[in-house]
Amino acid sequence: MLQRMAEQTHYDPSTYVRAAVKTALESASEADEFDDDDEFWQNAQAAIKHLNPRDFSLQYSGTYLRDFAFKELELSYRLYFSQIASDDHYVPSGFFFHLRKNLGGLKRFSTFYYLVSSMETFFDILDKQYDTYNKHEEYKSNDYYYNYYKQYPSLFKDYFSKYSKNHKYQNDYFEQFGNKNQEDFQKWSTTRIAKMLNIDPEEAEELEGQFLFQIFNGERFFAFNNQTMEQFPSLAKKFFADFEDGYAYNITKFYQQQAVSIAFPLATGLPFTYTLKTPTVVKFEFETTATTYPSIFKTPTGYPEKEFDDFIRFPRWFNGSADVNVAYSRLVDAKVGFTTPFDHQRYVAGYQKKMQAYLPFSFDFGFDFENNDYEVNVQPLEAHKDVLLFHLSSWPYTGYKDITDLRPMSEQPSVRVLHDREQTTKSYEQTFGERLFGVAFRFQAKYDKDFVDYAYFMKHIQQHDYWSALVYPFASETYHYHNLNLYYDAQRTPVKNVKFVLHHKQADYDQDFQTADVKHPKGRHGFSGYYNEYNYAQPFVYYAGSQRRQEQFMRNAGAGIRNSDVDVYDFGIVFEGKQQKAEFVFTTAYADSPVDEKERFLFFLSYSPYVSSSAFYEFIPFSGKQFQMCFSATNEYPNLPKLNFLNVLNFDKVGSMNWELSYGEKCQGGSHVSMKGKLAQSEYYRHYLRISEVGQYCKEQMDRGYFQLPACQNATRQAGYFDSYSFDFEYKDVSTYAKNMTYKFFDFARYMAFPYYSEDFFYQGKHDQFKFDFQLAPYGDFYNASFYGPQYSFAVENYPIDNEYARYFFAIHPELDYYERMLTYAYRGNYHPSCVVSNKFINTFDGKTFDYELGSCWHVLLHTVKPDYYFYAQDSHFMNSDYEYNWKNGFSEDEQITILARHGENNQLYLKAILGQYKQNDYNIDIIPHGHDLPHVYINGKPQQIHEKYAIEMYTNDDGGDQPLIRVYALPGNELEISFRDDDIKIVFDGYRARVFADQSYYNNFVGLCGTNNGEGEDDFITPDQCVMRKPEYFAGSYAIHGLNCSGPASAYYTEYHQKAQEHCVKPQYYFGNVISELEAGRSRYNYYYKDFDLSDSSSSESDESDDSSSSSSSSEEDHHSPSEFFAEKQYFTEKECGIQHRVQYIEQGDKICFSIRPLPTCASQCKAFDKIQKYVDVHCRDITDSVAQLFKQQIRKGVNPDMSKKSVTKTVKYFFPKKCVYGN
C-alpha cells in the first residue's frame, strides 16, 4: 500500500497531495522507535525508493512523524503534526498536532487542530469586522464626503480638493478631463477591463471552520462559520458596554491531570498497590473598568453615515484599570507499597511534588492608538502584605500507618523524609532587587542537590532529542529533596508603582534626511575620555518615553539614506518610589531604502538602579550611577540587476559594514569597540557558479532567448551572494574582564571546531585590535575561518554546515534580509512568486511555461480578483454598470490592480499598470521601452524622471493597502523597477522582458496570462469564463483586448477562441466521496445519490468534462431497482427522473428574508437536482421578524405558493434552476 502511495506522487494531479504523501513517507521511514513498530518503519523504508524526487516547499501540504524511546526507562513518544496548505493564503487552512506518550505501557494522548474551509475568506471576514479609520484625525469616512458632495453637483469638484488633497495625480487628471461626461472620464480602469473580458469572480462559498484544543484536562471543540464571526462586533460592543459600567469575571477549575491505581498480590500473598494522583487547581479572577473614545458601543453623534455600522470602530484611545488574581497549584502524589492484613499496617515509599504560583496585582492603562503611545502602571494588589509568589518542593519519603487511620500519610509520626547519604541538606536565603529595582524579593531554599549542574545538563541534551526534552524533561532524574519559595517582600520594597511605556514612530513619507541632519549631544566633549562621532546612537536625553530622543534617532537613522523608511521603537520601565526611581530604557531605530545602498540600525540601552552601586557592574569601569550602551550599525550593499544572469554574475559586488559600540556609565567617555567589515564575492565563487549545472543550463536557455525561466531565476539569485567576509575590530578603554572574554571565545571555538581547528601560539598582533576572516564554499556547505588576536591566532578549515537554514543565514545577499534568505530556502525560491513575460514566452507564477507572441494586442497579464464572501451565490446582485461590478469582486476598488502587456517594434515590450481608486479615477502607469536604454514611465500621462540614486514615490490617503502606492527607480544594467502598494506587486523591466513579483497575500488572487498563483500549474489556463483550455493560444486569446489597434496572430486567436470557446471549454467538476470506502463500512456500493456529489471509494476525485461528453450523462431506466447508480469505470450516472415543481422560494440573509416574486422550478423533497443552470430572479425582502414574512415562510414550508406578484421588487439575486430532477434515497 505504501509503495503504491509513493508511486502516485509521480502522477497525482495535485501538487499539494503529492507533497503531503511524500513528507509523510519520508518522516515515517525515520520513525522506528515508538513501541517497536518495526513493520511500519520497514514498509516506509521500502516505499521511499518510489517517491517523486521533487523537493516540495513549505507552500504545500506536509505530514511529519517523529519519535524517540528511552528503552531503559520504558518511555517513548510519537509526534504527528501536519499542515493542509491553503491555495488562497500563506497561512495553512488546517493544522494537526497529536502527541502519543507511552509511560511503561500507560499511554496518554494530546491533540490540537484547526481546520478552515478558506483561510482567505476567514481573514477577509475578520478584517471586515472592524474599522480603523477612527484612529486618524480624518474622522469622517470616504463615503461621507463623497455622498455629501454628490448632492451638490456644482460643488463636486470640491470633493477632490478636500478629501483628495494628497492625490496629486488624480487632481491633475481631473482638471484635464473633468468637464467630460463621467462615463468617458477614464479610458482605462480595472473595472472596465474586467467588464470587457467578462471576468466574473468565482462564487464565494460559506466559511466553515473548527478547532479543538485541550485545557483543564479536557478537550474543547468549537465550530464556526461566517455568521459566527459576523457576531463578533455585537459581542465586542456588549463587552465594552459592560467594561464601562464595571465588569467582574471569576473562574476556578479543579481537575486531575493523571490518576492511576494498580493493585495485585505479591508472591508472599500480601496485596501490592501503586497510586498516582495529580490534583490541580487553576483560578483566574479580575475586575475591570475601561472606556474608549470614540465609544465602541455607541453610535457617534453627528455622523449619520455610521448609523447602521455593523463593525467595530477602532478607537483612538483606550483607558482603564483592573484588579487581577491568578493562581495555579499542582500536587504530584505517587506512592508504592504493600499491606499486612494481620496487623492492619500499610508500608509505603513515595514522593510528593508540589508547585504553586500566585500573582495578585492591579494595573491601569492608557493606549493612544492614534499616536502609537502605550502606557501601563502596575501595583501589587495588597501593597503592605508579603506574598508567596512561587513554591516548588519535592518530598521523597517512607512510612507506614494503620489502614484504619484516616489521617493522611504526611501527618503520620512514622514518616521520614529521605535525604542523600551524606545528609548534606543545604539552606539558602537571599533578598534581591531592593537596590537594583526598588522591588524586593526574598528567596528561600533547602535542597540536597545543586540545581545548576552543567555536566548533567550537557548529558541530558546528548541523550535526548529536543522534543523528548520537552515531553520528558525529568525522565532520567532521581528525585531529591528540595523546598524553594519566592516571596514578594513588602516591608523592604520602597517602589509603589511600576510603569511600562512603549512608543512607535515612523518617519513621514515626505521626509528625506541628509547626512548633515545627524544630531549629537552639545555637551559631548565635556566628558573625559573618547567621544565617537561615528556612533549615531548617543542620545540627548535618557528618560523613558522621551519624544526628543525618538526624533533624534529618527533623524540619525535616516541620515544620508535616500527615500528611507524609518521606524523607531522606544520601550521603558520606571520603578517609581516616593523620592527616587529606577529606570530602564531601550530604544531602537532602523532605516532602509529600496534605492539607496545603505541601511542603518541604532540601539540604545540605559539603566539607572534605584540605589547607586558599582557592585552591579563589576566588569564595567564606572562609579555605578547608571549604565548605558550605544550601538550604531551602518551597512552598505550594492543594488543588482535582476533580469540577466550574466550581468549579475559579472557585476562588481562589494559590501561594507561599519559598526560602533560604546558603553559605560555614559556612552560618551566610556569603552568603545569599532568594527569595519568588507564583503565580497570571490572569482572562485563566480567561476564555480558559471560552470555549475544550473549556470550552464541557464546559459543554454539564454542562448535560445529564454531569459529568467526557473533555472535562470535560481542562477541569478545565487549570483548575488557574498562568499568572502573580513572584519577588523578595534577597541579602546575596554576593561580586563571584557578582554578576557576573547580568551573564553578562543576556548569555545577550540571545543566546537574540533578536529577542524588549528592554532598559532607564536602569533603577535597589534595592540587593542583583532581580525576575523570568514569564507563560504560555493554551495555554503563548508566554511573556513581565521581569527587573529593581539597574542594568538587560530584557523578553522573545511568545517561542514549541515543545516540548510544555517547556510542561508550566514550567506549574505544584497537584496535579501536574513529572514528572506531562510524563507527563500523554505519556499524553494518561490517565497515571492514571479511571472516572466518576453517576446517569445510566458512563465506563470506557478511555473508553467508556454510560447506565445502578444503582437500589438493588449493582453491582461494579471488582474486581481477573488470571491466576495459577502455575496454568496443565492444573494449576488445582478449588476451591469462598471462601478457596480466591484461589488462582485472581493477586492475593494482601491485594492484592484491590472497589468497589461503588448509587443511593439523590434519585439519590444510595452506595459500598462492600472491601479484602482475609491470613487476616483484609477491611476494609469505606462511603461514604454526605449531600446537598450532605460525605459520611460508615465503616470496619468505625465513623464517621470527615473534615476538610480533616488526613487519616485507617490503616497495617497486611501485605505487600499500599504504605502507608497507607487515607487519607481532604476537598477544597474538599464533595468527599471516599479512597485505598487509598497512592494505588494513589483515589476522589473528592461524593455524586452518583464518579471512580475507578487506578495504572498495574493495567493490564488490573479487571473490572466500569468496564471492563478495558487501553486498548481494544472489550472493556470483558466479563461475569464472559468474554462480550462488545453491550447495555450486559446487561453491567451481569451485575455486579449480586441480593438482597432489589435492585429497579428493574437487577433486571430482571439477570434478563434470566441468562435470555438464552447467546443474547447473544459470546466472542472469535483466529486467527493467518503473517506471510508463502502466495503470497509459494510454498505453496498453506490446505491445512493447526493444532490451535487458523486460518491466513490476514493476520498476525493477530480474530473474535467467537456460539453462534447455531456451526452454521456443521459438517463437510463435499465435498472428499476436502484434509482441511481455510479459506474466508476465509465464515469457517468444513470438515474430515474422525477417531475419538476414550481414553488415560491425564500432566502434568509442576516436580518432580512427575501421571497421570489414568482414560483420557481425546483425538485420535490424526495428528489435531487441532477444538473443546474443559473438565472437572475426578482425578490421581495422584509425584516425577518416581520409577522407577515413569518406567515409567508410557514405557507411555503407547507407547500403553499403565496401570491407575491404584486409585491415590490427589492433586488435581483442569482438562482440555480434544476435542468432535471432524479429520485434520491
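Two strands count as paired if DSSP finds at least two bridges between them. The model shown in these views is predicted.

**View 1. Strands β4 and β6 are joined by 4 bridges.** Strand β4 covers residues 106-116, and strand β6 covers residues 208-215. The two run antiparallel. One contact to pick out is L115, whose bridge partner in β6 is Q210.

**View 2. Strands β4 and β6 belong to an open sheet of 6 strands.** The order is β1-β2-β3-β4-β6-β7, and the pairing is antiparallel. β1 (62-70) and β7 (218-225) stand at the edges. Each has a single partner strand, so one side of each lacks a neighbour in the sheet. From one strand to the next, the twist averages 10°.

**View 3. A second open sheet holds 8 strands.** Here the order reads β33-β32-β31-β44-β43-β42-β41-β40, with antiparallel pairing. β33 (849-851) and β40 (952-954) are the edge strands, and each pairs on one side only. Neighbouring strands are turned by 10° against each other on average, direction ignored.

**View 4. Edge strand β33 pairs with β32.** Strand β32 spans residues 841-843. 3 bridges join β32 to β33, and the two run antiparallel. N843 stands opposite T849 in β33.

**View 5. Six side chains make a nonpolar surface patch.** The members are I262, F264, L266, F338, Y347 and Y400. Together they offer about 510 Å² of accessible area. F338 lies in strand β11, residues 317-340. Its relative accessibility is 31%, so F338 counts as partly exposed. That class lies between buried, under 20%, and exposed, over 50%.

Key
Residues are numbered from 1 along each chain as its sequence is written. This is a predicted model: local features need pLDDT of at least 70, side-chain atom pairs count only at pLDDT 80 or more; totals for chains, interfaces and linings use all residues. Side-chain values use heavy atoms; hydrogens and water are left out. Patches are made of residues with over 30% relative accessible area and no salt bridge: like charges are joined within 9 Å, nonpolar side chains (Val, Leu, Ile, Met, Phe, Trp, Tyr) within 5 Å. Accessible areas come from the Shrake-Rupley method with a 1.4 Å probe; for residues, only the protein chains shown count as cover. A salt bridge is a side-chain nitrogen of Lys or Arg within 4 Å of a carboxyl oxygen of Asp or Glu. Buried means under 20% relative accessible area, exposed over 50%, partly exposed in between (1.4 Å probe, protein chains only). Axes are lines fitted to C-alpha atoms, for helices over the stretch in contact, and angles run from 0 to 180 degrees between N-to-C directions.
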